[in-house]
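I opened this entry to keep track of what I looked up, strand pairing to begin with. Pocket, core and one loop residue come after that.

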Amino acid sequence: MLGPSSLRILAIVGSHRTQGHTAQVVGMIEAQLQSLAARSGRAFEMETIYLGREDIRMCQGCRTCFDKGEASCPLQDSLQAIKARMADADGLIVASPVYVNDASGVTKNWMDRLAYICHRPEFAGKCAYLLATVGQGPASHALRTLKMALGMWGCCIVGQAGFKTGALMDASEMQSRYRHATKRIAQALFDAVDEQQFSKPSFLSLMTFKIQQRYWQRTTEDSIDSEYWRNRGWTEPDQEFYVCHRAGRAKVVSARIAGGLLARFVT
């Protein structure tokens with residue numbers, strides 16, 4: 001448990017619009033989290049970053065972050081400062097409007113620029129809730145895009161939700177239609193952070209860790225990635241997950257057996 005001191009949430013909104021539908025949904029969740037924190041006697045802090053208003057230049061695909069480390073990236077902009085704020089937060093909300101049936105371009109570029117974290121999952125132990133807003137079509141593809149990235153970065157995905165807002169839904173209708181949904185989301189994120197849900201990994205998460213672990217145990221390359229895994233003790237034979245966990249022994253053993261078998265074919 002976190003105890004009564006504070007709750008820090010960072011919302012990352014993949015939009016330029018600070019008053020748009022995505023921002024409004026995030027604001028509704030913030031109000032609910034504020035209420036939950038007050039009732040539990042906690043100080044509450046929530047910051048919202050609008051990716052469209054940040055200096056995040058387009059990824060050049062140069063692989064420097066993979067091969068030499070992110071500090072060597074030729075694009076010296078706001079990205080690393082944003083990543084540091086992500087690391088400082090107790091929980092994350094990642095929200096994007098749906099453009100062309102997927103996450104927005106600024107969201108995708110943010111994910112592309114952090115692609116190296118797929119190899120070095122430094123957000124293991126971080127709870128995240130994923131949101132997408134859409135006019136009339138499905139939000140499922142955009143949510144899958146977010147889930148793939150955040151999951152590969154090590155985040156514990158505690159929930160996801162899509163909101164159909166039409167093109168011109170006003171704030172009062174947003175409140176009327178989605179007040180209960182945003183209340184449930186706030187409660188789910190609050191509980192996940194409070195109960196350290198990341199310490200109860202799923203079978204799939206445990207199995208994925210084993211597959212990755214087997215790869216880095218076998219590799220002979222001397223790289224930023226392999227050093228990262230070794231320095232955290234993740235390649236040690238008795239290491240079962242990125243962080244200390246409370247998963248049942250039967251699930252852990254079966255996931256590691258399955259991961260070990262699959263690793264023969266995918267690593």
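**Strands β1 and β2.** I began with β1 (residues 6-13) and β2 (residues 43-50) in this predicted model. The two strands run parallel, and I noted eight bridges between them. For one register point I took Ser6, which stands opposite Ala43 in β2. I then followed the chain from β1 to β2: the path goes through helix α1 (residues 21-39), and this β-α-β crossover is right-handed.

**Strands β5 and β6.** Next I looked up the pairing of β5 with β6, where eight bridges join the strands and the direction is again parallel. Here my register point was Thr133, whose bridge partner in β6 is Phe163. The connection from β5 to β6 passes through α5, and I recorded this β-α-β crossover as right-handed.

**Nonpolar core.** Which residues have the most contacts inside the largest nonpolar core? I found Leu33, Ile93 and Leu131 in that role, in a core of 34 residues. I then sorted the core by element: β1, α1, β2, β3 (91-99), β5 (127-134), β6 and α6 (171-194) each supply at least two residues. The element that gives the most is α6, with nine residues. As background I wrote down that in soluble globular proteins nonpolar side chains tend to be buried together.

**Largest pocket.** I moved on to the largest pocket, which holds about 620 Å³ of space. I listed 23 lining residues, and those nearest the pocket centre are Gly151, Cys155, Ser202, Leu204 and Ser205. Which elements each supply at least two residues of the lining? My list has α5 (140-152), β6 (156-164) and α7 (203-218). Of the elements, α5 gives the most to the lining, with five residues. So α5 appears twice in my notes, as the helix of the crossover from β5 to β6 and as the main contributor to this lining. By class, I have the lining down as twelve nonpolar, eight polar and three charged residues.

**Glu122.** Last, I checked one loop residue, Glu122, which lies between α4 (105-113) and β5. Is Glu122 buried, exposed or partly exposed? Its relative accessibility is 28%, so I entered Glu122 as partly exposed, the band between under 20% for buried and over 50% for exposed. I also noted its separation from Ala87: the two residues are 35 apart in sequence, and their C-alpha atoms are 8.4 Å apart in space.

Conventions. Residues numbered from 1 in each chain as written. Predicted model: local features only at pLDDT ≥ 70, side-chain atom pairs only at ≥ 80, totals over all residues. Heavy atoms only, no water. 1 Å grid on protein atoms, 1.4 Å probe; cavity = no way out; pocket = protein on both sides within 12 Å on 5 of 7 lines; lining within 4 Å. Points joined across faces, edges and corners; volume = space filled by probe spheres on them. Helix = DSSP H or I, 4+ residues; strand = E, 2+ residues; numbered from the N terminus. Nonpolar A, V, L, I, M, F, W, Y, C, P; charged D, E, K, R; others polar. Pairing = 2+ DSSP bridges. Right-handed = clockwise from strand over helix to strand, strands pointing away. Core = buried A, V, L, I, M, F, W, Y, C linked by side-chain atoms within 4.5 Å. Buried < 20%, exposed > 50% of the residue type's maximum accessible area, 1.4 Å probe, protein only.
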